[in-house]
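Hi,

Here's the structure I promised to pass on. Have a look at it first, and then read my notes below.

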Amino acid sequence: MQKMTPQNLRTPGPTPIPDDIVEAMTNPMINHRGPEFLALINKTTEQLKQVFMTKNDLYILTASGTGALEASVVNTLSPGDRVLAATAGSFGDRFCDLAEAYGADLTRMEFEWGRPIDPDAIRKALQGDPSYKAVMVTHNETSTGVTHPVEEIAKIVKGEFGKLLLVDAVSSLGCLPLPVDAWDCDLVGTASQKGFMIPPGLAFISISEAGWEAQQTAKMPRFYFDLASAKRTLARGQTPFTPNVALLYGLSLALDKMLEEGLENVYGRHASIGQFTRDSVLDLGLELLVADQSYASNSVTAVKMPASVDGKKFMSMMRTDQNVVLAGGQGKLSDDIFRIGHLGHVVKDDINEVIVALKKVLPEVGFKS
Ligand SMILES: *Cc1c(COP(=O)(O)O)cnc(C)c1O
């Protein structure tokens, strides 16, 4: 295959990959049942625990992020279990669909897209029905650019009601603070192509003591994502099935880089780039989807597509003329917004390029500020 020219890839995953990580992934293949792999999986698992800020068990799965979310559901629930799921976007909806596909008796609490999940509504729902076994939430709703108040939600779900808490942290972990133990989140899933500066193909999941307790009686069918087999095999430095070894090479270096930068600095970089993105977009006369900026995501920004603009032409000109790849809207927002990803390997200059390109292209597609 011919080598492609790098784009300013501003999808909220996959993200561009730093050159040294690309290089690391070209290391020679090894036996995944051998001593080199044992060292690699043990090192990366321990470093991931630092990034998750957890002492809980943690597993690296060869899957996309949805694999980790599926693992969180099938390892803790039985068909017919009552589950409260809060959703305010496409990924929240998908998490619901996933649990329903395995037979969970799910109550969907729907919140407006662009607004945060209301922790008080979760409290009321749990007060109203003690039969719930688990609560499911999305930490950062990638389809709307909203970060939900998981810390507050966890205080209610765990602190007041002692229910299991399943968190979709696919576009937040490694970008936005999510201290898994301090917030007491039972199952937390994320993916390699979002905050971790490596290509798609690995998923990471942490499971608490309470999660393991639920696992003992959970009857949903599971095989590839059975965490008990992941635990047994990790004890001897292996994975149940053939892992994506090349991505693990990349992950190992990515984690070195993240921990060397320091997690606080990684979060700070995302926060300042997120703010810079929102300020610049507003300066151009565009509007954000997020209703209240205090819930704006620092890993992805959703911008309203101006009524005067032909969205398809705009996205295509940004890509072909400016080499900037934006993401469109999803689900019911597909024609109403565009999204700028700013997660993982991202610096302010990457966003500056996007803003310069927007300034050129918007007037050409009918935008008047
Ligand atoms: C990207 C994403 C997913 C899906 O991840 P895949 O890797 O495509 O399976 C789920 N939830 C959120 C919040 C995401 O951003």
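To start: in which sense do strand β5 and strand β8 pair, and over how many bridges? This is a predicted model, and in it β5 (residues 134-138) and β8 (residues 164-168) pair in the parallel sense, with five bridges between them. If you'd like a spot to zoom in on, find V135, which stands opposite L165 in β8.

That pair belongs to an open sheet of seven strands, and the order across it is β2-β10-β9-β8-β5-β3-β4. The pairing in this sheet is mixed. At its edges you'll find β2 (57-62) and β4 (105-110), each of which pairs on one side only. On average, neighbouring strands here are turned by 20° against each other, ignoring direction.

Next, the helices that lie across this sheet. Helix α10 (residues 227-234) lies across β2, β9 (187-191) and β10 (202-207), and runs at about 100° to β2. Helix α11 (residues 245-261) also lies across β2 and β10, running at about 65° to β10.

There's another open sheet to look for, with three strands in the order β11-β14-β13 and antiparallel pairing. Why is one side of β11 (300-304) and of β13 (327-328) left without a neighbour in the sheet? Both stand at the edges and have a single partner strand each, so there is no neighbour on the other side. For β13, two bridges join it to β14 (residues 337-341), and these strands run antiparallel. One residue to click on there is A327, whose bridge partner in β14 is R339.

Happy browsing!

Note on methods: Residues are numbered from 1 along each chain as its sequence is written. This is a predicted model: local features need pLDDT of at least 70, side-chain atom pairs count only at pLDDT 80 or more; totals for chains, interfaces and linings use all residues. Side-chain values use heavy atoms; hydrogens and water are left out. Two strands pair if DSSP finds at least two bridges between them. Helices (H or I, at least four residues) and strands (E, at least two) are DSSP runs, numbered from the N terminus. Axes are lines fitted to C-alpha atoms, for helices over the stretch in contact, and angles run from 0 to 180 degrees between N-to-C directions. Contact means heavy atoms within 4.5 Å.
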